[in-house]
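Student: I have not worked with this structure before. Could you take one part of it, go through that part closely, and then show how the rest is arranged around it?

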Amino acid sequence: MSIQQTDVLYTAVATAENGRDGRVATDDARLDVVVNPPKEMGGSGSGTNPEQLFAAGYSACFQGALGVVARQEKADISGSTVTAKVGIGRNTDGFGLIVEISATLPNLDAAAARALLEKAHQVCPYSKATRGNISVTLA
């Protein structure tokens, strides 16, 4: 379900210069990075790229969602990590993305960890935004 503008608690603002081969910065200057296509896509690979930035944001957001569901379930996720792998490739209308989310939950057995991942995937704002748009798998 979408939120309304009146529901917004925070808005991130970033501006790109020269697309995938330039610079991206936030309006508060907390993020200011050179972006370049990766070598695998014919670029220099000397800067970061949009897929790395998306993976960083998704993994952080998913970790937050995992914390929310862990508190609800009274599960111990201390020492946990979340990794997002974001792939880009050609599809029928240009390019598309694919995502794989994995987590290390050292204090939970495999079944409990999987259940928490599934619940986090339902509440994570990034997961909600991508649902039905790109393939996201939980590993």
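Tutor: What follows starts with one small sheet and its charged residues, and then moves on to the pocket, the helices and the second sheet. Keep in mind throughout that this is a predicted model.

The part to look at is an open sheet of 3 strands, in the order β1-β2-β3, with antiparallel pairing. The edges are taken by β1 and β3; each has a single partner strand, so one side of each is left without a neighbour in the sheet. Averaged over neighbouring strands, and ignoring direction, the turn of one against the next is 20°. Strands of a sheet pair through backbone hydrogen bonds, either parallel or antiparallel. Between β2 and β3, which run antiparallel, there are 4 bridges. To find one position in this pairing, look at A25, which stands opposite D32 in β3.

Now go to the loop that connects β2 (22-26) with β3 (32-35), where A29 lies. Is A29 buried or exposed? The cut-off for exposed is over 50% relative accessible area. A29 has 57%, so A29 counts as exposed. Its C-alpha atom is separated by 9.2 Å from that of A14, a residue 15 places away along the chain. R30 is exposed as well, with a relative accessibility of 75%. R30 makes a salt bridge with D28, and the closest N and O atoms of this pair are 3.4 Å apart. D28 is partly exposed, at 39% relative accessibility.

That pair is one of 7 salt bridges counted in the model. Another one joins E17 and R23, with 2.9 Å between the closest N and O atoms. Both partners are partly exposed: E17 has a relative accessibility of 43%, and R23 has 29%. These two residues also belong to a network of salt bridges in which E17, R23 and D32 are linked. D32 is the residue already met opposite A25.

A further salt bridge leads out of this sheet. Which residue forms a salt bridge with R20? The partner is E51, and the closest N and O atoms lie 2.7 Å apart. R20 sits in the loop between β1 (14-17) and β2, while E51 lies in helix α1, so the pair ties together parts that are 31 residues apart in sequence. The two ends differ in accessibility: E51 is buried, with a relative accessible area of 9%, whereas R20 is partly exposed, at 30%.

Helix α1 also takes part in the largest pocket, which has a volume of about 310 Å³. Rolling a probe the size of a water molecule over the atoms shows where empty space is left. The lining of this pocket consists of Y10, A12, V24, L31, L53, F54, G57 and Y126. Its largest share, 3 residues, comes from α1.

F54, one of the lining residues, is also touched by T130. Where is T130 found? T130 belongs to helix α3, which covers residues 125-130. Leaving out residues up to four places away in sequence, T130 touches F54, Y58 and V136. Its relative accessible area is 8%, so T130 counts as buried.

The second sheet is also open and has 3 strands, in the order β4-β5-β6, but here the pairing is mixed. Its edge strands are β4 (81-91) and β6 (135-138), each of which pairs on one side only. From one strand to the next, the twist averages 15°. Helix α1 (residues 50-73) packs on this sheet and touches β4, β5 and β6. The direction of α1 makes about 140° with that of β4. Within the sheet, β4 and strand β5 (residues 94-104) run antiparallel and are joined by 11 bridges. One pair to locate here is G87 with its bridge partner I98 in β5. Helix α2 (residues 110-123) lies across β5 and β6, and runs at about 155° to β6.

To trace the route once more, begin at R20 in the loop between β1 and β2 and cross to E51 in helix α1. From there, α1 leads to the sheet on which this helix packs.

Note on methods
Residues numbered from 1 in each chain as written. Predicted model: local features only at pLDDT ≥ 70, side-chain atom pairs only at ≥ 80, totals over all residues. Heavy atoms only, no water. Pairing = 2+ DSSP bridges. Helix = DSSP H or I, 4+ residues; strand = E, 2+ residues; numbered from the N terminus. Axes fitted to C-alpha atoms, helices over the stretch in contact; angles between N-to-C directions. Contact = heavy atoms within 4.5 Å. Buried < 20%, exposed > 50% of the residue type's maximum accessible area, 1.4 Å probe, protein only. Salt bridge = Lys/Arg side-chain N within 4 Å of Asp/Glu carboxyl O. 1 Å grid on protein atoms, 1.4 Å probe; cavity = no way out; pocket = protein on both sides within 12 Å on 5 of 7 lines; lining within 4 Å. Points joined across faces, edges and corners; volume = space filled by probe spheres on them.
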